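Work through the exercises below with the sequence and the model side by side, and try each task before reading its solution.

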Amino acid sequence: MSAFQPDIQENDIFKQSPELLSTLLKDQTLSTEDNQVNIFWATNNYTDLGTGYQYADPITIESITGINGNVIKPRAIKSREMQQQRSREMAEVFTPSWICNKQNNLIDNAWFGRKNVFNTEVDPPNGPHSWIPAKGTITFPENKTWHDYIHENRLEITCGEAPFLVSRYDTVTGEPIPTGLRIGLLDRKLRIVGENTQTSDEWLKAARAAYTSTYGYEWQGDNLFLAREALLYTFIDYYKAKFNQEPPLGPLRHIACIISWNIWQMDGMKGVIPDSCRNIRKTVRGLFDTSETVLECEGCRKNNIHKHNGIYCKIKDWSNDEVVTFISLLEKK
């Protein structure tokens, strides 16, 4: 087991603001104005803990705070047995930060039209792999601005703890990564925000734009919650690095709301809340008898993402201030 100890504690979040923690647990697809529904565990790894920790149970504040404050752990400090079990059952394999960096660099190489924009990769024959952050202020092509960059939509599919979006620690080794060395897609946006704003109001406005254009989805509830926490604490980290103080609670709550919309729980193959598709029993009455027919979900039967009878996930289109289903963004065939 890794010696890494996470610096995010649910009890600390709750002490700062119960509302903040509640927002990080919210499932925006199922919730209404009058009733909050939380994301659910969607894993059997916690069933031994009893009531409230079964596969279909929602993750509640009570289940992860108080004496339960250390229930959810990053993969790096989960037991080796649990890591292997999750790899077998859910194909969960986390990507080292240096590989995340390489792939994120490919995105930026294409966007900027040049290499080594944010860092230079270091790949010695015998390892270890690393990178050297670019010095100075990032410059932009003639036809693009820093505003264009932070508004670019970015999505991490099956995001786990979201290592491609934020890199507070290496998800494989658990080693913390200082702010100046981080390589996530959102990290890069926040670096740009810091380099191009002066006042707190300017920074907060630009950071909000960076968050509203950054998305990710995940099946397992504990991973999803860890990803949401990581995005929230990344906001705190960069604000403190810029202004040497904690961000105000109001903007922090607003960012938590954005995160709860943009980092959501979904079966990525179906576009629905995990396990929400169902078989429908239909009674057929004949002249002399009655029989029962089981109708399988058409989307599952035909492998058609647009035909499922499960609950299609909703996300927020912040630029148009409207709620849409994720699958509405996919081209129908």
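## Exercise 1: Unusual backbone angles

The place of D275 is in the loop between β5 and β6 (280-285), where helices (H or I, at least four residues) and strands (E, at least two) are DSSP runs numbered from the N terminus. The model is a predicted one, in which local features need pLDDT of at least 70 and side-chain atom pairs count only at pLDDT 80 or more, while totals for chains, interfaces and linings use all residues. Residues are numbered from 1 along each chain as its sequence is written, and side-chain values use heavy atoms, with hydrogens and water left out.

Task: find the sign of phi at D275 and at T158.

Solution. Begin with the general rule that most residues other than glycine have a negative phi. D275, although not a glycine, has a positive phi of about 65 degrees. Next, turn to T158, which is found in the loop between β3 and α7 (185-196); its phi is near 35 degrees, again a positive value in a residue other than glycine. Finally, T158 has a relative accessible area of 55% and is therefore exposed (buried means under 20% relative accessible area, exposed over 50%, and partly exposed in between, with a 1.4 Å probe and protein chains only).

## Exercise 2: The open sheet

Task: determine in which order the strands of the open sheet stand, and which strands are at its edges.

Solution. First, follow the order β3-β4-β5, in which 3 strands form an open sheet with parallel pairing; two strands pair if DSSP finds at least two bridges between them. β3 (154-156) and β5 (263-265) stand at the edges, and because each has a single partner strand, one side of each is left without a neighbour in the sheet. From one strand to the next, the twist averages 20 degrees.

Then look at one pair in detail: strand β4 (residues 214-218) is joined to β5 in the parallel sense over 3 bridges, and G216 stands opposite I263 in β5.

Last, add the helices. Helix α9 (residues 221-243) lies across β4 and β5 and runs at about 170 degrees to β5, the axes being lines fitted to C-alpha atoms, for helices over the stretch in contact, with angles from 0 to 180 degrees between N-to-C directions. Helix α10 (residues 249-262) also packs on the sheet, where it touches β4 and β5 (contact means heavy atoms within 4.5 Å), and its direction makes about 45 degrees with that of β5.

## Exercise 3: A hairpin

Task: identify the bridge partner of K314 in β9.

Solution. Strand β8 (residues 314-317) and strand β9 (residues 322-325) pair in the antiparallel sense over 4 bridges. Within this pairing, K314 has T325 as its bridge partner. The two strands, β8 and β9, form a hairpin with 4 residues between them, and D321 in the turn has a positive phi of about 50 degrees.

## Exercise 4: A helix residue

Task: decide whether N196 is buried, partly exposed or exposed.

Solution. Start by locating N196 in helix α7. Its relative accessibility is 28%, so N196 counts as partly exposed. As a further step, compare positions along the chain: N196 and A206 are 10 residues apart, and their C-alpha atoms are separated by 9.2 Å.
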